[in-house]
Amino acid sequence: MLKFKNRERESSMQVLLVAIVCMVLSGVVGYVLQNKQLKLRLSVAEKQAEEIEKNNQNQIKTAVAEINATNAEELQQLQNDEEVEIEEQKTENEARSHRLDFREKSLEGSETRLNKSQQLLENHQAENNNMKQQVAETKQKACDLKQVREDTIYEKSKLTPEQAKRVILTNTETTLNRDYEVTVRENHDDMVLNAAKEARNLMMESIQSGVQDVPREHIERNIVIPDAGIRNKITGHDEQRLRLIESLTGVDLIFHPEHEEILIISTNDPIRREIARNAINELITARSLNSGVIENMIAEAERHVMDNLRVFGEETCAKLHLGWVHPDMMKILGRLKYRTSYGQNVLQHSVEVAELCGIMAAELGINVRLAKRAGMFHDIGKAIDREVNGTHVELGVKIAEAYGEDPIVVNSIASSHGDIETDNLIAILVKVADSMSGARPGARSESVEEYINRLKGLERIANSHEGVKESYAIQAGREIRIIVNPKVVDDEMSQKITEEVCEQVENELTYPGKIKVTTIRKLSAVEYVGGKPAPKKKQHVS
């Protein structure tokens with residue numbers, strides 16, 4: 001058993017020794033192999049280093065050669081530039097030398113001329129001194145002569161110089177005043193004699209230059225219905241559609257009793273008439289009609305007419321160059337497009353008056369633009385006189401004041417029909433131009449006979465009342481003044497007569513705009529001291 005254990009121990013020791021020997025041999029072999037590989041790598045690296053060193057040396061030589069060549073070229077270029085610059089400096093120095101020589105010669109010439117000028121100045125100064133001395137001697141002689149003259153005048157007239165001045169000024173002033181009075185009197189007499197002639201010439205020139213002879217614009221009040229089918233479509237069952245149109249537009253629609261195809265639009269409001277006319281013309285062309293279509297078309301026609309009012313006002317103000325005008329006032333001005341007075345379109349009439357005022361103002365040397373504004377707005381109250389109570393003059397004044405117009409324009413409107421006195425020249429021009437435009441042949445359609453009959457009708461109605469002494473229709477029939485007998489009519493009866501005349505005129509007569517009725521009751525007591533004066537005999541001219 002012991003021997004067996006010793007043998008195992010010896011065999012393990014042998015194995016261990018063999019393993020150690022193998023490890024030592026493998027380490028030695030590895031070291032040798034690694035050493036050979038290192039030597040091989042070193043030899044390869046040395047060869048690569050030698051090749052790199054050779055390449056670097058070749059590159060360095062090439063770069064040095066290129067640098068040397070570049071430096072040589074740059075050096076040559078610098079040398080050439082320096083030589084050129086040196087040549088330019090030489091040329092410039094030579095030019096400067098020439099200029100310096102020229103300046104030296106110029107200075108020498110200037111010095112010579114200055115010497116001559118100085119000599120001339122010295123000579124002139126000497127002459128001036130001599131002349132001053134002579135002037136001083138002459139002044140002294142003049143003073144001596146003046147003193148001698150004053151002494152002589154004083155001895156002969158016994159007047160001091162101040163007294164003599166006063167006498168001369170007084171005589172001169174008297175003479176000038178007399179000449180001034182004579183000249184003013186002659187000019188005044190000449191102006192009085194030629195005033196009518198000059199006024200006629202001015203009006204003739206204004207008419208020839210300003211007013212154009214254009215056809216009078218006609219405002220259509222009737223609509224022609226083409227056939228019975230369209231008429232039935234417009235009227236509807238039991239004329240229900242026709243009544244609907246009347247209620248929406250505020251007009252009366254009547255078919256002509258003799259000509260059934262003519263539909264008459266009856267209203268005193270020109271704006272409503274135009275809206276109704278446009279709406280009915282659109283309804284005629286419509287394919288089918290019902291209440292909704294009629295309401296929409298009438299609303300569209302009203303919108304169209306209202307928009308056109310502003311357009312008409314803007315175009316008119318731009319045409320006349322009136323300057324800035326309030327937008328609302330331009331819209332009111334456009335309403336005159338559909339307003340007539342005695343058949344004359346009020347907007348065209350206002351444009352004519354404005355042009356005439358502008359021409360006459362230019363001839364007289366006053367404000368042309370202000371004259372045109374006054375002429376353009378003088379009848380602006382007629383735009384709303386059918387809707388608001390009051391005469392067109394009163395309404396026009398309110399409109400002008402509300403929109404801040406010049407007081408001259410306001411006075412021109414207020415005095416255009418004689419309601420108040422004019423306080424400026426432009427207001428007079430407006431009255432003249434208004435008369436010229438209205439009296440122009442063809443401007444108004446009302447005949448003289450109709451005009452006279454209308455005035456006589458007003459006076460006839462007024463005179464038909466008890467207690468009326470006399471009556472006068474004035475302002476082209478826009479006002480009637482009634483004078484009553486104060487012994488027969490009292491104040492209450494005067495008011496009653498006024499109301500009755502207004503009611504009777506409204507029922508019996510056709511009139512444009514508004515008519516003012518004024519009743520005058522005046523009681524005066526007159527007595528004479530020393531007997532009544534003898535009545536003057538009438539002189540009969542044979």
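Colleague: Why does Arg 481 count as partly exposed?

Modeller: Its relative accessibility comes out at 36%. Buried means under 20% relative accessible area and exposed means over 50%, with partly exposed in between (1.4 Å probe, protein chains only). The value of 36% falls in between, so Arg 481 is partly exposed. A word on the ground rules: this is a predicted model, in which local features need pLDDT of at least 70, side-chain atom pairs count only at pLDDT 80 or more, and totals for chains, interfaces and linings use all residues. Residues are numbered from 1 along each chain as its sequence is written, and side-chain values use heavy atoms, leaving out hydrogens and water.

Colleague: Fair enough. What makes the pairing of Arg 481 with Glu 479 a salt bridge?

Modeller: The closest N and O atoms of Arg 481 and Glu 479 are 3.0 Å apart. A salt bridge needs a side-chain nitrogen of Lys or Arg within 4 Å of a carboxyl oxygen of Asp or Glu, so this pair qualifies. Glu 479, at 4% relative accessibility, counts as buried. Across the whole structure the search finds 9 salt bridges.

Colleague: Which other pair can you show me where both partners have the same burial label?

Modeller: Try Asp 379 and Lys 382, where both residues are buried. Their side chains meet in a salt bridge at 3.5 Å, N to O.

Colleague: And where do Glu 246 and Arg 243 lie?

Modeller: Both are in helix α4 (residues 240–249), 3 residues apart, about one turn of the helix. Helices here are DSSP runs of H or I with at least four residues, strands are runs of E with at least two, and numbering goes from the N terminus. The Glu 246–Arg 243 salt bridge has its closest N and O atoms 2.8 Å apart. Glu 246 has a relative accessible area of 16%, which means it is buried, whereas Arg 243, at 34%, is partly exposed. In general, side chains of opposite charge can pair when their charged atoms come close.

Colleague: What do the buried residues of α4 pack against?

Modeller: They pack against α3 (228–235), β2 (252–255), α5 and α6. The buried set in α4 is Leu 242, Leu 244, Ile 245, Glu 246 and Thr 249. After α4 comes Gly 250, whose phi is positive, near 75°.

Colleague: How do you know that the length of α5 fits a helix?

Modeller: The expected span is 1.5 Å times one less than the number of residues. For the 16 residues of α5 (residues 270–285) that should be 22 Å, and the end C-alpha atoms are 23 Å apart, so the two agree. Its buried residues include Ile 271, Ile 275, Asn 278 and Leu 283.

Colleague: Why is Glu 300 called partly exposed?

Modeller: Glu 300 has 43% relative accessibility, which explains the label. Glu 300 sits in helix α6, and its C-alpha is 9.4 Å from that of Asn 278, 22 residues away along the chain.

Colleague: What makes the meeting of Glu 300 and Arg 303 a polar contact?

Modeller: The side chains come to 2.4 Å. A polar contact is a pair of N or O atoms within 3.5 Å; within protein, one must be able to donate a hydrogen and the other to accept it, and residues adjacent in sequence count only if both atoms are side-chain atoms. The distance of 2.4 Å is therefore inside the limit.

Colleague: Is His 465 buried or exposed?

Modeller: Buried, because its relative accessibility is 12%. His 465 lies in the loop between α13 (448–463) and β6 (468–474), and its side chain makes a polar contact with that of Glu 500 at 3.4 Å.

Colleague: Which residues touch the most other members of the largest nonpolar core?

Modeller: Leu 322, Val 325, Leu 333, Cys 357, Met 376, Phe 377 and Ile 380, out of 39 residues. Such a core is a set of buried Ala, Val, Leu, Ile, Met, Phe, Trp, Tyr and Cys residues joined through side-chain atoms within 4.5 Å. Helix α8 gives the most to this core, with 9 residues. A second, separate core of 28 residues includes Ile 230 and Tyr 338.

Colleague: Where does pLDDT stay under 50?

Modeller: Over residues 537–542. pLDDT is the predictor's confidence in each residue, from 0 to 100. The chain average is 81, and 87% of the residues score at least 70. Where pLDDT is low, the predicted coordinates should not be read in detail.

Notes:
Contact means heavy atoms within 4.5 Å.
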